[in-house]
Amino acid sequence: MGDLMRLCGLGKAFPQRQRNEITILRNITITMREGETVCVLGESGCGKTTLGRIVAGVSDYTAGSYRFQGKEVSEMSKEERNQFRNSVQMIHQNPYESLNPTMMVFDIIANPIRRHHKIVKIEELYEKVTELLETVGLTPVEDFVDKYPAFLSGGQRQRVSIARTLAMNPKLIVVDEATSMVDTSLRISLLGTLKKIQEETGVSYFFITHDLALGKYFAQGQKAVIMYLGQIVEECSMERLVEYPCHPYTKAILSAAVGSSDILEKDQGKKYRLTGTDNPSFKNLPSGCPLHPRCPQKMAGTCDVKIPESAKAEQGHYVRCHLYEEERQR
Amino acid sequence: MSSIDKNSFLFQAENISISYKTKRGLLKAVQGASFSIRSGEAAALIGESGCGKTTLASSIVRALPNAASVTDGRLLFRKQDGQGVNLLDLNRKKMRRVLWSDISMVFQASQSSFNPVRKISTQFIDTVKAHNPEKSKEEILKKSGEILEMVMLEPDKILNAYPHEISGGMKQRTLIALALLLDPRLVILDEPTTALDLLTQEKILEMLKRLKVQMNFSLLFITHDLGIVSELADYVVTMYAGRIIEKVPVREFFEEAAHPYSRGLIKAIPRLTTENSELYSIPGSPPDMIDDLPGCPFYPRCSRREDICNKEMPEMQCAGTREHLCACWHPEKGVLSNG
Amino acid sequence: MDKRKSNYTTISQSSRMKKILTQMKFAILHDKAGFAGFCILAVIIVISFLSPVVFPLDTRSDPSKIMMQPSLQHILGTDYLGRDIWAQIANGGRELIIFSLIAALIGIILGAFLGAFSAVVGGIFDELLSFFADVWLSIPRFPLLVVMSGFVRLNSLTLAIVLGILSWAGLYRTVRAEVLSLKEREFVEAAFMQNLSKRHIILKEIMPNLMGFIVVNFTLSMRAAIYSQVGLVFLGLLPLEQNWGVMINQAWTQGAIYNSDSLAYILAPTIMICLLIMSLVWVGKALEDVFNPALRK
């Protein structure tokens, strides 16, 4: 019983017109088992959506290896590819675009059932659709089956999206900021539904978000991965991330997430800030560690020259930062 | 028309109702909304999407779409000379003078409001010239530079750039700078930090706090993110289905919100330091605003409802301190358990 | 929509008839202009197709009744040969409607399908066809028709076919652009991820979103075909058969505009053509709304 999914040194570069290619992802290594959740945290523009699309099989990767259930994705045969497609699904960020506006909810969910379970009789279809709608909490079912997406709210549309992916019985679902366009008061309800589904079916989630608190809620007890400018800078369990962040970038976003006023949060640490107003961009990738232009703990001569290796801070907790490399060598 | 309280209210909305004409009927987007903002105060207008907050704010600067119109109420604004005026009474010319020099607004997702084929500097110049045509280009650019520095951007870099050359966070800050260009006394921001990541969001919030004190303006910001409410607001106005249901100072809001909906909102945000078991989401979804129901619009989702809630819309009453008003027949009392 | 609630058989296939009826009802009633358009169009069609029986054409010429004013006997007066104008009007719409329909159909089948196919398939096929379409579009259509009519014996039917063929390039371009943009939308990507067949994606995902667009283009094609016909007849380049365009030509050449008695002669066909085109456009708009589910209650 091996890993469900294993990314090893994965990279993605886009060819550019005038210059050489731009590398969006570099050296991504993540392993995932069945029933696990991996939470990918990072700011907008760090490449997490690109990574999500590669994992979901929508985009290709240009370097490294991506093995799904032991088979290398880029080398799969047509049949294997089909199976891969069926087993990996994605929930998009924008609920206003991910549903066909001219199709009723019933058909949106029934289509994959028709295709993959070969069910044609309408009674059976209806049963299955009802089951799925109930799983995602769209009840009473009669109120939703013959509606068009235009009459549903953002949160309801996302639920239809979830039901649709469930119809494929996937093993892995890539959740790409599925709640960012949904009202804050409805987000945890949506995530709660996803968690319930994981309990019931053992599906794995590749959960992408920029909201730390949301990630903590969803991926409790699971793995968290922090990305910056296309690279993984820290990897550990969710709890450790909040209690003992190591990488300066992680510390900065944790500090920003906690907030400065004491109304919402009780614990107040000192603020940890990144320096400079530099705008990270893939076009001007810094040499060495990608954070060095903004890092408050930068060590000149090392950080701007060498890319840090992955160092083990604790069991299961890895950091790519020279600060921790140094300590290890001592 | 100077019936404003002597209590240094800068802006007061009185009983505003706004309706949209749609193909399915008349949609009452806002009903009987009243609230006020003092000088130097930051008010947060919160609620779910579709509750009418953007509609209400847009009506202040006459940015309502054609299908919408204000059907009732007054928007009172105290001008520089101390005189109060109903913004709805002003003709277009007078309103244009008020716009931007007294009241300015940054719309939601307005990063596309820059003209993509012209440099950013032109937008600054055009804005000032529309109000003060006698100012020279150099003067304007100098003032723009000052404001841009205040929002922590490099003036040369920004003014000479085209919109696609700067990032989303920088565009947002530029828009805020643009809104502050003429020293307005009321700045309205619609979802100022949605679609921005945490670090940029933090920067912008701090900047707004600082500027508010430095330039002495009042702030009305719309959001559904309670995180930035705690950072930035002095006063919280909660809206639901087109009605204002609670008005309370921020600290009291988080500690002792009275309306069940406000409490529901607070309990629904995941925070880094709270345990998951305390999170709770409000069941159901907001009503379709074409149906005009007599009672409280929150009735179907409220855990404290009773018959009267379905029959009559509750009035704004005092709940707790004098500054805390809530429209509910059975407001919640007691401190919110905050984890 | 609420009618199709509880019983599951009312949702999908089994109630196709009911669905179509509801949609038709919506199309006709929901918009004032659309309703007016449907009524006018219905009246025109009924009169045009019942006319051989109810208002037969006067084929004999009666010199004693040349260019008479409207009277009880002849509601719109008589033409230059003494024939009843109203009968001509009643009979005159048939050809225009049928042949513009044929022209639009040919145009749509050629242009829209080629456009959609080209957009989906892409590659060399797409590039070549687009280039060809661009070249085609640079040919001026009307002069070409005029020249053609000198060589080929055009009647209404052949004209309709020729017009249809000539119009493919415009529709090709617009439909191709529309399909290209539809292809990129997220729900199509989602369909790909569900491994739905290419056939399904084209027919069930992309087509329904295209229908409104095609319907509007269809009515516009009909309009263009009518204008072309009328124009050619007016210029005297088509053999004279019985339609409104012919009437305008005859009225003009026979000097009806100089005679205040026979104003009806030249106004009537002109007004009828305008009514036909207006109603077509309004109906097109109303039908476009039918395909946009967001507009239903």
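**Exercise 1. Confidence in chain C**

In chain C, in which helix is confidence lowest, and in which is confidence highest? Work this out for the predicted model, and then decide how the start of chain C should be read.

*Solution.* Begin with the helices: confidence in chain C is lowest in helix 1 (residues 16–29), with a mean of 74, and highest in helix 4 (residues 123–137), at 91. Next, set these values beside the chain as a whole, for which the average pLDDT is 79 and 90% of the residues score at least 70. Then turn to residues 1–10 of chain C, over which pLDDT stays under 50, although the model has 15 contacts beyond four places in sequence for them. Where pLDDT is low, the predicted coordinates should not be read in detail. For the model, the scores are ipTM 0.78 and pTM 0.80.

**Exercise 2. The make-up of chain C**

Describe the secondary structure of chain C, its extent and its contacts.

*Solution.* Count the elements: chain C has 11 helices and zero strands, and read along the sequence its pattern is α-α-α-α-α-α-α-α-α-α-α. For the extent, take the C-alpha trace, which spans about 80 × 50 × 25 Å along its principal axes. For burial, 38% of the 297 residues of chain C count as buried. Finally, among the contacts in chain C that join residues at least 6 apart in sequence, 73% are between residues at least 24 apart.

**Exercise 3. Two domains in chain A and in chain B**

Set out how the domains of chain A touch, and then do the corresponding work for chain B.

*Solution.* Start with the bounds in chain A, where the assignment gives domain 1 (5–243) and domain 2 (244–330); the centres of these domains, taken over C-alpha atoms, are separated by 28 Å. The contact itself brings 19 residues of domain 1 of chain A together with 20 residues of domain 2 of chain A. On the domain 1 side, strand 2 (22–32), helix 8 (212–218), strand 9 (223–228), strand 10 (231–237) and helix 9 (238–243) of chain A each supply at least two residues, and strand 10 of chain A gives the largest share, seven residues. Sorted by class, that side of domain 1 of chain A holds 12 nonpolar, three polar and four charged residues.

Now take chain B, which is assigned domain 1 (9–233) and domain 2 (251–339), with C-alpha centres that lie 28 Å apart. Here 10 residues from domain 1 of chain B and eight residues from domain 2 of chain B take part in the contact. Strand 2 (25–38) and helix 8 of chain B are the elements that give two or more residues to the domain 1 side, and the largest share, four residues, is from strand 2 of chain B. By class, this side of domain 1 of chain B has four nonpolar, three polar and three charged residues.

**Exercise 4. Helix 7 of chain A**

Check the length of helix 7 of chain A against its expected span, and find what its buried residues pack against.

*Solution.* Helix 7 of chain A has 18 residues (184–201), which at 1.5 Å a residue should span 26 Å; its end C-alpha atoms are 27 Å apart, so the two values agree. The buried residues of this helix include L186(A), I188(A), L190(A), L191(A) and L194(A), as well as R187(A). Their packing partners in chain A are helix 6 (154–166), strand 7 (172–176), strand 8 (204–209) and helix 8, while chain B contributes helix 8 (226–232) and helix 10 (260–267). After helix 7 of chain A comes G202(A), which has a positive phi, near 70°.

**Exercise 5. The cores, and one buried leucine**

Locate the largest nonpolar core in relation to the domains of chain A, and then examine L87(B).

*Solution.* The largest nonpolar core has 168 residues, and V225(A) and F206(A) are among those that touch the most other members. Helix 3 (residues 85–121) of chain C gives this core its largest share, 13 residues. Domain 1 (5–243) and domain 2 (244–330) of chain A both contribute residues, and therefore the core lies between them. Another core, of 95 residues, lies apart from it and includes F77(B) and L99(B).

For L87(B), the location is the loop between strand 5 (84–86) and helix 2 (92–98) of chain B. L87(B) has 22 other C-beta atoms within 10 Å and is therefore buried, the cut-off being 20 or more. Beyond four places in sequence, L87(B) touches I60(B), L75(B), F77(B) and M95(B).

Notes:
Residues are numbered from 1 along each chain as its sequence is written. Chains are lettered from A and ligands numbered from 1 in the order in which they are written. This is a predicted model: local features need pLDDT of at least 70, side-chain atom pairs count only at pLDDT 80 or more; totals for chains, interfaces and linings use all residues. Domain bounds come from an automatic or database domain assignment. Two residues are in contact if their C-beta atoms, placed from the backbone, lie within 7 Å. Ala, Val, Leu, Ile, Met, Phe, Trp, Tyr, Cys and Pro count as nonpolar, Asp, Glu, Lys and Arg as charged, and the others, Gly among them, as polar. The expected span of a helix is 1.5 Å times one less than its number of residues. A residue is buried if 20 or more other C-beta atoms lie within 10 Å of its own, exposed if 12 or fewer, and partly exposed in between; C-beta atoms are placed from the backbone. A nonpolar core is a set of buried Ala, Val, Leu, Ile, Met, Phe, Trp, Tyr and Cys residues joined through C-beta atoms within 7 Å. pLDDT is the predictor's confidence in each residue, from 0 to 100.
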